[in-house]
Amino acid sequence: DKMVAKSSNKGKKAQESINSRLALVMKSGKAALGIKTTLKSLRKGKGWLVIIADNCPPLLKSQIEYYAMLGKTGVHHYTGNNIDLGTACGKFFRVSALAITDAGDSDIIKHMPKDAQISQQ
């Protein structure tokens, strides 16, 4: 029982750190919110990191992942639905995907989990 509680607590801490870094990006940097604008920024090669909500439609999720793979951009699967991701961005609407084009004062790109980290040239 103790192991289960510890792992969920660790996951929550990681989630909170991502949320706080995301809030800092929204305040000091630039991000493209939404699937359409995320894909546009990936096509232009401007995205540094892509964050996708849990309940993003599978076809669109795979399309975003494919574009990110082509552009060597990191992808992070957000542990929460699009409502949670929208709230983490400080918006009152749902956000299924977002691309961080300028991190600002945040170190979100360096502190992403290892699976999402791909070096940017």
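Helices here are DSSP runs of H or I with at least four residues, numbered from the N terminus. Under that rule, Ile83 sits in helix α4, residues 82–88. This is a predicted model, and I will come back to Ile83 after the overall layout.

The chain has four helices and four strands. Read from the N terminus, the order is α-β-α-β-α-β-α-β. There are 121 residues in the chain, and 36% of them are buried. Take the contacts between residues at least 6 apart in sequence: 78% of these join residues at least 24 apart. The exposed area of the chain is about 7,600 Å², with 57% of it supplied by carbon and sulfur atoms.

Let me start with helix α2, residues 35–44. Which residues of α2 are buried? They are Ile35, Thr38, Leu39, Ser41 and Leu42. These residues span an arc of only 165° around the axis, so they lie on the same side of α2. The other side of α2 has Lys36, Arg43 and Lys44, which are exposed. As for what covers the buried residues of α2, the list includes strand β1 (30–33), strand β2 (49–52), helix α3 and strand β4 (97–102). Just after α2 comes Gly45, with a positive phi of about 80°.

Next, helix α3, which covers residues 58–70 and contains Leu70. Leu70 has a relative accessible area of 52%, and the cut-off for exposed is over 50%, so Leu70 counts as exposed. Leu70 is also part of a nonpolar patch on the surface, together with Tyr66 and Met69. The accessible area of Tyr66, Met69 and Leu70 together is about 340 Å².

Now the charged pairs. How many salt bridges does the structure hold? There is one. It is formed by the side chains of Arg21 and Asp107, at 2.8 Å from N to O. The two residues are 86 apart and link distant parts of the chain, with Arg21 in helix α1 (residues 2–28) and Asp107 in the segment after β4. In general, side chains of opposite charge can pair when their charged atoms come close. Is Arg21 buried or exposed? Its relative accessibility is 18%, and buried means under 20%, so Arg21 counts as buried. Asp107, at 29% relative accessibility, falls between the 20% and 50% cut-offs and therefore counts as partly exposed.

On to the cysteines. Cys56 is buried, at a relative accessible area of 5%. Cys89 is buried as well, at 4%. How many disulfides are there? With a disulfide taken as a pair of cysteine sulfur atoms within 2.5 Å, the count is zero.

Back to Ile83 in helix α4. Its relative accessible area is 46%, which is not over the 50% needed for exposed, so Ile83 is partly exposed. Ile83 and Phe93 are 10 residues apart along the chain, and their C-alpha atoms are separated by 6.9 Å.

To recap, the chain alternates helix and strand in the order α-β-α-β-α-β-α-β. Helix α2 has its buried residues on the same side, and Lys36, Arg43 and Lys44 are exposed on the other. The one salt bridge joins Arg21 and Asp107. That is what I have on this model.

Note on methods: Residues numbered from 1 in each chain as written. Predicted model: local features only at pLDDT ≥ 70, side-chain atom pairs only at ≥ 80, totals over all residues. Heavy atoms only, no water. Buried < 20%, exposed > 50% of the residue type's maximum accessible area, 1.4 Å probe, protein only. Contact = heavy atoms within 4.5 Å. Areas by Shrake-Rupley, 256 points an atom, 1.4 Å probe, with all protein chains shown as cover. Patch = residues over 30% accessible without salt bridge, like charges linked within 9 Å, V, L, I, M, F, W, Y side chains within 5 Å. Salt bridge = Lys/Arg side-chain N within 4 Å of Asp/Glu carboxyl O. Arc of directions from axis to C-beta.
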